[in-house]
Amino acid sequence: MVVDSGNNNLLVTKAKANFKPYGIDFPQGPTGRFTNGRTIVDVISELLGFHSFIPSFVTAKGKDVLQGVNYASGAAGIRDETGQHLGDRITLNRQLINYQHTVAQIAKLLGGAAAAADQLSKCVFTVGIGSNDYINNYFLPNLYPTSKKFTPEQYATALIVQYSLQLKTLHKFGARKVALFGLGLIGCAPAELAAFSPPKGTFVDKINSAVQLFNGKLKSLVNDLNTEFSDSKFTYINIFGIGSGDPKAAGFKVTDSGCCGGRTGCTASAKPCSNRREFVFFDEFHPTEAVNVNLAARAYKASTPSDVSPIDINTLANL
């Protein structure tokens, strides 16, 4: 789930989306969002009542930060080395340092640490990371040693141990309402279908199985964090489950190829499909706005009890 809204634009990296046809359906055109329109957090911010999109960390200036800040970075992971073959990216550890700069700015704007803590306690934090630790690390054995060092079970545990410390840092610096997005069906991404060639109509089961190990441990971590921090509420958003329904029933006709670039990647010279609402993927990895709208709607207001654990984002915001 990439929700970068422009933090990678000035980095030396292949993980960029600040050119057409990315943003073809977005009001401001290409911004660095890895989709044709809005990301899942753009839609959630609208559902929460925001009138403008949350600015990226690199563009947020002055009082902008009081509305919220997006720290996400394409190709970044829980682990520092994740995605390094693509170039620079803002790892989760670096994102947390950036967040601490914002906290200091808020304290300055509001006249002190106590006022900043009060403001932050009312904010909703969404964190969705880990996909790249599989796509751009574990399942690239020629570039990264992790799959030789860890079984999928051990790797999921190693990721969660590190993620837990990172989330505790987030809490230490004021986060009190935190929605953690599980990983989606990344074994269904067109790029993975091209790389692993499963039988037609099927997905890369070993990737989806590995992801589910991570998700199970993340759901348990949410319970542990809620027990440890009585002043806070963490919740798990089951993106894998929400995304597991029949796409055809939701009006999607093309599930195995990206609207732009098919299975090989969306470039500035690529011609995107015109029927974008019928595609699950916009490029070889990232969902279309139509999918993001569906995922966001159920993250915000759960349709079934399995969508979230224990509460949805609407309930979280109103605590």
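**Helix H8, the mixed sheet and the disulfides**

The residues of helix H8 that are buried comprise Ile207, Asn208, Ala210, Val211, Phe214, Asn215, Leu218, Leu221, Val222, Leu225 and Asn226. The model analysed here is a predicted one. Helix H8 covers residues 205-228, and its 24 residues should span 34 Å at 1.5 Å a residue; the C-alpha atoms at its ends lie 35 Å apart, in agreement with that expectation. An α-helix has 3.6 residues a turn, so residues three or four places apart point the same way. Spacings of this kind recur among the buried positions of H8, including Ala210, Phe214, Leu218, Leu221 and Leu225.

Packing between helices is described by the angle between the two axes and the distance between the axes. For helix H6 (residues 152-172) and H8, the angle is about 35° and the axes are 9 Å apart. The crossing of these two helices is right-handed. On the H6 side, the contact involves Pro152, Glu153, Ala156, Thr157, Leu159, Ile160, Tyr163, Ser164, Leu167 and Lys168. The H8 side contributes Ala210, Leu213, Phe214, Lys217, Leu218, Leu221, Leu225 and Glu228. Of these H8 residues, several are also buried, among them Ala210, Phe214, Leu218, Leu221 and Leu225.

The strands of the model were examined next. An open sheet is formed by 4 strands in the order S1-S2-S3-S4, with mixed pairing. Strands S1 and S4 are the edge strands, each of which pairs on one side only. Helix H8 packs on this sheet and touches S2, S3 and S4, its direction making about 165° with that of S3. Strands of a sheet pair through backbone hydrogen bonds, in either a parallel or an antiparallel sense.

Strand S1 (residues 125-127) and S2 run parallel and are joined by 3 bridges. Within this pairing, Phe125 has Val178 of S2 as its bridge partner, and Val127 stands opposite Leu180 in S2. On its other side, S2 is joined to strand S3 (residues 233-237) by 5 bridges, again in the parallel sense. Here Val178 is partnered by Phe234 of S3, while Leu180 stands opposite Tyr236 in S3. Val178 thus has a bridge partner in S1, Phe125, and another in S3, Phe234. The antiparallel component of the sheet is supplied by S3 and strand S4 (residues 308-309), which pair over 2 bridges. Tyr236 has Ser309 as its bridge partner in S4.

Burial was then assessed for the two strands S2 and S3. In strand S2 (residues 177-181), 5 of the 5 residues are buried, so the strand is largely enclosed by the rest of the structure. In a regular strand the side chains alternate between the two faces of the sheet. Both faces of S2 are covered, with Lys177, Ala179 and Phe181 buried on one side and Val178 and Leu180 buried on the other. Strand S3 is mostly covered, 4 of its 5 residues being buried.

A disulfide is a covalent bond between the sulfur atoms of two cysteines. The structure contains 2 disulfides. One of them joins Cys259 to Cys273, with an S to S distance of 2.1 Å. The torsion about the S-S bond of this pair is about -110°, so the disulfide is left-handed. Cys259 and Cys273 both lie in the loop between helix H9 (239-242) and helix H10 (289-300), so the bond ties together parts that are 14 residues apart in sequence. Cys259 counts as buried at 6% relative accessibility, and Cys273 likewise counts as buried, at 11%.

The other disulfide joins Cys260 to Cys266, also with an S to S distance of 2.1 Å. Its torsion is about 80°, so this disulfide is right-handed. Cys260 and Cys266 are both buried. With the bonded cysteines of the protein chain numbered in sequence order, the pairing is 1-4, 2-3.

Two further cysteines were considered. The sulfur of Cys188 lies 18 Å from the closest cysteine sulfur, that of Cys259, which is too far for a bond. Cys188 counts as buried, because its relative accessibility of 7% falls under the 20% limit for burial. Cys123 is partly exposed, its relative accessible area being 25%.

Methods: Residues are numbered from 1 along each chain as its sequence is written. This is a predicted model: local features need pLDDT of at least 70, side-chain atom pairs count only at pLDDT 80 or more; totals for chains, interfaces and linings use all residues. Side-chain values use heavy atoms; hydrogens and water are left out. A disulfide is a pair of cysteine sulfur atoms within 2.5 Å. Buried means under 20% relative accessible area, exposed over 50%, partly exposed in between (1.4 Å probe, protein chains only). The expected span of a helix is 1.5 Å times one less than its number of residues. Two strands pair if DSSP finds at least two bridges between them. Axes are lines fitted to C-alpha atoms, for helices over the stretch in contact, and angles run from 0 to 180 degrees between N-to-C directions. A crossing is left-handed if the near helix is turned anticlockwise from the far one by less than a right angle, and right-handed if clockwise. Contact means heavy atoms within 4.5 Å.
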